[in-house]
Amino acid sequence: MDPMIAALLNPGAYDHPVERVDCLETHISWILLTGTFAYKIKKPVNLGFVDFSTPERRRWFCQEELRLNRRLAPDIYLGLSAIHGPPERATLRGSGPTIELAVRMRQFPQSALLGAVLERHGLVDAQLEGLADDLAAFHAAAAVAGPDDPYGAPELVNLPAVANLEVLEACGLVPDRDVAALRQWTEGQFEQLRPSFARRRSQSRIRECHGDLHLGNMLLEGERIRVFDCLEFSPELRWIDVISDLAFLVMDLEHRDRPDLGAVLLNRWLGRCGDYGGLLFWRWYRIYRSLVRAKVCALRLRQQTLGSHESVLLQQDLERYLLGASRATATPAPALVITHGVSGSGKSHRARQLCHRQGWIQLRSDVERKRLFGTWGQGEAPPLPGDPYRPEVGAMLYRQHLPEQAGRILGAGLSVVVDATFLRRDHRQRMEDLARQCSVPFLIVACCSSPEQAQRRLVERRALGGDPSDADGAVLEAQFRTLEPLDRSERARCLDVAAELTAEGLIAAVAERLGRPADVPS
């Protein structure tokens with residue numbers, strides 16, 4: 001054991017009462033747990049992608065860690081503490097020469113870490129939706145890469161992906177053919193996406209993100225998920241596309257057999273930020289993130305301090321990350337599904353069931369209408385003035401905005417459920433035309449409801465609050481008056497959904513009507 005760390009395991013080495021000290025270790029850090037505070041100390045290592053080899057570099061990155069993490073968790077990151085030497089008598093007390101800095105944090109129980117919460121089935125949709133809201137706000141406020149910055153340039157985007165593959169090729173821990181296939185896919189897709197990568201910077205999507213957004217860097221406090229441990233050691237890995245930041249966490253949830261929670265997070269985040277164009281890069285970044293974690297496993301397996309049990313677990317994790325990446329290279333062809341029915345008929349509920357269970361994207365008209373007027377999430381253009389419910393706004397929403405966004409999602413190879421009333425036949429026809437243009441299957445999911453049932457649901461929804469829909473009794477009455485029923489040709493492409501149909505029954509029925517097996521996200 002490092003002499004300094006051995007000395008700091010002594011409870012008397014601290015300037016506050018300590019009964020015992022526990023040490024956690026990663027490939028680049030030691031974390032000393034004292035009960036009240038945790039002290040994070042950087043290892044003197046140079047792994048290529050991270051260089052803590054000199055005292056000056058470790059001091060600088062301690063300062064960066066504090067700055068970056070106070071954006072998301074100022075009450076957890078308390079300051080920097082000097083460690084006095086010599087190493088074999090290291091202490092945080094006294095005034096001897098400073099040999100290292102430690103980042104001082106408020107300690108939290110390891111049982112609060114999100115991985116542990118997930119294992120005991122304590123993570124629910126509402127908590128992930130709250131996290132998605134926080135992350136969307138964080139990304140919106142993060143510093144933006146300028147036109148003269150190198151960040152976001154295609155070559156810089158590709159560099160860490162290549163580095164991941166090189167480590168995996170050299171480690172000798174996985175079959176060469178598996179890594180070779182992933183290299184071929186990654187390089188081929190990168191060349192196809194190269195011009196689109198270059199455009200993302202001009203769209204202000206390259207920002208100073210978290211960079212290491214996985215379950216091990218989050219905890220549950222009350223009902224709120226807190227994010228900590230931003231990636232401080234490499235600006236190139238932190239100044240990234242916001243969709244890459246989110247892809248890390250969604251991948252981690254999929255890796256832990258909860259793709260449904262990943263779909264909840266992705267859909268809520270998209271609803272808040274409206275970055276449907278970023279989905280073009282989704283599979284590339286999702287696979288890149290799997291390979292990041294596989295590389296970390298490989299590097300940890302190289303270290304000599306591991307026990308045999310930990311080595312076995314790391315090897316299994318490494319293989320599962322590679323398997324997840326391989327599966328993600330092949331995805332089902334996308335489909336376009338629209339809902340049909342009055343407000344309160346259960347359209348959004350059914351759309352969520354389809355999207356969360358299958359990893360599809362929910363495009364909700366209530367959200368998109370409010371986005372256009374700056375009252376829900378972030379928009380791509382300045383907010384429109386005036387009444388968001390005037391007739392010309394509805395026409396623009398159904399004839400232009402929703403088809404454009406749905407086309408972006410389909411163009412990224414992802415299935416989309418456009419969650420809207422679609423009361424007018426010409427609005428439905430516009431979507432069917434889009435499906436034909438994109439050469440994808442098309443289906444109408446019709447949700448039927450009596451006026452009394454719909455009215456009751458609207459009252460219940462408004463009482464709960466927090467929903468983007470403003471529909472009330474007057475709106476509902478007008479919808480029943482103006483609804484244009486499905487004609488014979490539309491009925492041939494329609495699935496009527498009864499209230500008693502289960503989520504599993506809905507998914508199976510939709511898959512049957514689309515003529516393919518139900519999608520299961522990678």
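1. Two strands are taken to pair if DSSP finds at least two bridges between them. In this predicted model, strand 10 (residues 336-340) and strand 12 meet that condition, since three bridges join them and they run parallel. Within this pairing, Leu336 has Val416 as its bridge partner in strand 12.

2. Strand 12 also has a pairing with strand 11 (residues 361-364), again parallel, through four bridges. Here the residue of strand 12 that serves as bridge partner to Gln362 is Val417. Strand 12 itself spans residues 416-419, and both of its faces are covered. On one side Val416 and Val418 are buried, and on the other side Val417 and Asp419 are buried.

3. The reader may next ask which residues have the most contacts inside the largest nonpolar core. They are Trp269, Leu279, Trp284, Leu336 and Val418, in a core of 108 residues. Helix 10 (residues 282-302) supplies the largest share of this core, with twelve residues. Another core, of 17 residues, lies apart from it and includes Ala335, Val417, Leu443 and Ile507.

4. Leu336 deserves a separate entry. When neighbours within four places in sequence are set aside, its contacts include Val416 and Val418. Leu336 is also in contact with Leu410, Met431, Leu434 and Ala435, and with Val440, Pro441, Phe442 and Leu443. Leu336 thus appears both as the bridge partner of Val416 and among the residues with the most contacts inside the largest core.

5. Some backbone features call for inspection. Most residues other than glycine have a negative phi, and most peptide bonds are trans. The peptide bond from Gly85 to Pro86, however, is cis, with omega near 15°. Pro86 is placed in the loop between strand 4 (77-84) and strand 5 (98-106).

6. Asp257 and Phe422 each have a positive phi without being glycine, with Asp257 at about 65° and Phe422 near 45°. Asp257 belongs to the loop between helix 8 (242-255) and helix 9 (259-273), while Phe422 belongs to the loop between strand 12 and helix 15 (425-438). Are these residues buried or exposed? Asp257 is exposed, its relative accessible area being 57%. Phe422 is buried, at 0% relative accessibility.

7. Side chains of opposite charge can pair when their charged atoms come close. Across the whole structure, a search finds 53 salt bridges. One of the pairs is formed by Lys42 and Glu65, with an N to O distance of 2.6 Å. Because Lys42 lies in strand 3 (residues 37-42) and Glu65 in helix 2 (residues 55-69), the pair ties together parts that are 23 residues apart in sequence. Lys42 is buried, with a relative accessible area of 2%, and Glu65 is buried at 0% relative accessibility.

8. A salt bridge also joins the side chains of Asp366 and Arg364, at 3.6 Å from N to O. Asp366 is partly exposed at 22% relative accessibility, because the buried class requires a value under 20%. Arg364, with a relative accessible area of 9%, is buried.

9. Glu380 and Arg408 form a salt bridge in which the closest N and O atoms are 3.1 Å apart. Which parts of the chain does this pair link? Glu380 is in the loop between helix 13 (365-372) and helix 14 (391-411), whereas Arg408 is in helix 14; the two are 28 residues apart, and the pair links distant parts of the chain. Arg408 is partly exposed, with a relative accessible area of 35%. Both residues also take part in a network of salt bridges that links them with Arg200, Arg205, Asp241 and Asp275.

10. The final point concerns Ser345, which is located in the loop between strand 10 and helix 12 (347-358). Ser345 is buried, with a relative accessible area of 6%. A polar atom of the Ser345 side chain lies 2.6 Å from the backbone oxygen of Val342. The backbone oxygen of Cys447 lies 3.5 Å from a polar atom of this side chain. With neighbours within four places in sequence left aside, the residues in contact with Ser345 are Cys447, Cys448, Ser449 and Arg457.

Key. Residues are numbered from 1 along each chain as its sequence is written. This is a predicted model: local features need pLDDT of at least 70, side-chain atom pairs count only at pLDDT 80 or more; totals for chains, interfaces and linings use all residues. Side-chain values use heavy atoms; hydrogens and water are left out. Buried means under 20% relative accessible area, exposed over 50%, partly exposed in between (1.4 Å probe, protein chains only). A nonpolar core is a set of buried Ala, Val, Leu, Ile, Met, Phe, Trp, Tyr and Cys residues joined through side-chain atoms within 4.5 Å. Contact means heavy atoms within 4.5 Å. A salt bridge is a side-chain nitrogen of Lys or Arg within 4 Å of a carboxyl oxygen of Asp or Glu. A polar contact is a pair of N or O atoms within 3.5 Å; within protein, one must be able to donate a hydrogen and the other to accept it, and residues adjacent in sequence count only if both atoms are side-chain atoms.
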